[in-house]
Amino acid sequence: MGGLAASVVLIGVLAGVRLISAQDRLVEPQSGSVFSPAHATFRDALAHFLGWRREPVQPIPFPHRTHFEEAFLECTYCHDGAARGPVARIPSVVVCMDCHFDVATDREPIQLLTSFYESGQEPPWERVYGWLPEAHVRFNHAPHVRREIECTVCHGDVTQMIVAEPAVDHTMSFCVGCHEQSQASIDCVTCHY
Amino acid sequence: MPRWGMAVDLDRCTGCEACVTACHAENNIPTVGPEEAARGRAMHWIRVERYWEGEFPDVRLTFRPVFCQQCDNAPCEPVCPTYASYHTDEGLNAQVYNRCIGTRYCANACSYNVRFFNFHNPEWDRPLDLQLNPDVSVREVGVMEKCTFCIQRINAARIDARAETEEGRIEDGTLQPACAQSCTANALVFGDLDDADSRVSRLSRSPRGSKLLEELGAEPSVTYLQKGDWDESGGG
């Protein structure tokens, strides 16, 4: 029994080391190789089972706190899709440059940002939240914003974070608990379709 | 709470298959290729069946679009060991992909042959993957799928309706699945069967109406309208 447990842990550690390397995408659609209906590889299945996620790596250490406390920006100033539709959106570099043409232009990260802008490229921001495609979850921000559910309920207090990090675990029980409390629909096809 | 249903006017259907194309585009339905299709693995949530009546040259061609009949007494539901196939409060036979373990019992139980199994992981070569609908899952290998009456559109319409009024009533005619929207002949009519004034509800009560394989007792939510020999005027 002990041997079995040890080997499971060993496999886990090996898979984990692979998992957190920066080149790996969280989800790689791998045609051909199939481990199970929901997972392309054994590593995916194990990571899924153990709830491992790779930490997002951002091209620029975007300080949410500074923008909230010093620039007095609301979340929806940049994430302007949240009030209107399904996706909150990571803002385009054009939105950044609204202010950063003039603001803090002497700082190195802003110069990097400007170089992205000038070369016509978007900084390769990585999403902090999101479900695996296998979860078959469809989420729409707009009705939640309309019900005046604070962003912090699902995203933690991002206003106090330097680089946004996944503070809340978006499990099904997390969603369903809130839906039950607020008497929102808990029909499967409300989210899974 | 609405009870979704559809009416199909077979006298209007021209068999153009625009509904089939629209459904594929809307619902991220993969194409399987000629070899797999020859093995009976083609996936079309809606298909147009052709019927020839009479002998050449005196033939008459009729069409019948067939898709999930969203039965009230659905044979696919009780056979599912994981409750992946279940009945929603709005009268839909829903399919929860996460729960599906691919036993295919539901497809065997279905009298209408409208459930499709993913024998392979679907692939779209670039740039075709860019046209995938982000509001709909891409189903992976080992999962059963079927017509959902465009549940993504129903959910979106409900969200829009609730933004406008507290009650959140979806007005008749504001919501259409992709097939009905694309039907040039207006043969497909979708709506709430519990609303006595809705178009689909009026059509479903027509004396021209009949259900597909009614004698099986699955109680479909889809009504087919067709001129009978007994009523040359076309009835309702």
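Two residues are in contact if their C-beta atoms, placed from the backbone, lie within 7 Å. The exercises below use this criterion and concern a predicted model.

**Exercise 1. Establish the setting of Asp9(B): in which strand does it lie, is it buried or exposed, and with which residues is it in contact beyond its neighbours within four places in sequence?**

Step 1. Asp9(B) belongs to strand S1 of chain B.

Step 2. A residue is buried if 20 or more other C-beta atoms lie within 10 Å of its own. For Asp9(B) the number within 10 Å is 22, so this residue is buried.

Step 3. When neighbours within four places in sequence are set aside, the contacts of Asp9(B) are Ala187(B) and Leu225(B).

Step 4. A further pair links distant parts of the chain: Asp9(B) and Ala185(B) are 176 residues apart in sequence, and their C-alpha atoms are separated by 9.2 Å.

**Exercise 2. Describe the open sheet of chain B: what is the order of its four strands, and why is one side of S8 and of S9 left without a neighbour in the sheet?**

Step 1. The strand order is S8-S1-S10-S9 in chain B, with mixed pairing.

Step 2. Strands S8 (188-192) and S9 (209-210) of chain B stand at the edges; each has a single partner strand, so one side of each lacks a neighbour in the sheet.

Step 3. S1(B), which covers residues 4-9, pairs with S8(B) in the antiparallel sense through five bridges. Within this pairing, Trp4(B) stands opposite Asp192(B) of S8(B).

**Exercise 3. Identify the residues that touch the most other members of the largest nonpolar core, and state which element gives the largest share of this core.**

Step 1. The core has 51 residues, and those touching the most other members are Met6(B), Val8(B), Cys179(B), Leu188(B) and Val189(B).

Step 2. Several elements of chain B give two or more residues to the core, among them S1, S8, helix H5 (178-182) and strand S10 (222-225). The largest share, four residues, is that of S1(B).

Step 3. Val189(B) serves as an example. Apart from neighbours within four places in sequence, its contacts are Met6(B), Ala7(B), Ala180(B), Arg199(B), Val200(B) and Leu203(B).

Step 4. A general tendency may be noted here: in soluble globular proteins, nonpolar side chains tend to be buried together.

**Exercise 4. Assess the overall form of chain B: how does its radius of gyration stand against the globule rule?**

Step 1. Chain B comprises six helices and 10 strands. Its radius of gyration is 18 Å, close to the 18 Å given by the globule rule for 236 residues, so chain B is as compact as a globular protein of that length.

Step 2. Of these 236 residues, 35% are buried.

Step 3. Among contacts in chain B with a separation of 6 or more, 60% join residues 24 or more positions apart.

**Exercise 5. Judge the confidence of the model, and state how many residues of each chain are in contact with the other.**

Step 1. Chain B has a mean pLDDT of 92, with 96% of its residues at 70 or more. For chain A the mean is 82, and 82% of residues score at least 70.

Step 2. In chain A, residues 8-30 have a pLDDT below 50. Where pLDDT is low, the predicted coordinates should not be read in detail.

Step 3. For the complex, the predictor gives an ipTM of 0.86 and a pTM of 0.84.

Step 4. At the interface, 19 residues of chain A are in contact with 24 residues of chain B. The chain A side has 10 nonpolar, five polar and four charged residues.

Note on methods:
Residues are numbered from 1 along each chain as its sequence is written. Chains are lettered from A and ligands numbered from 1 in the order in which they are written. This is a predicted model: local features need pLDDT of at least 70, side-chain atom pairs count only at pLDDT 80 or more; totals for chains, interfaces and linings use all residues. pLDDT is the predictor's confidence in each residue, from 0 to 100. Ala, Val, Leu, Ile, Met, Phe, Trp, Tyr, Cys and Pro count as nonpolar, Asp, Glu, Lys and Arg as charged, and the others, Gly among them, as polar. Two strands pair if DSSP finds at least two bridges between them. The radius of gyration is taken over C-alpha atoms; the globule rule is 2.2 Å times the number of residues to the power 0.38. A residue is buried if 20 or more other C-beta atoms lie within 10 Å of its own, exposed if 12 or fewer, and partly exposed in between; C-beta atoms are placed from the backbone. A nonpolar core is a set of buried Ala, Val, Leu, Ile, Met, Phe, Trp, Tyr and Cys residues joined through C-beta atoms within 7 Å.
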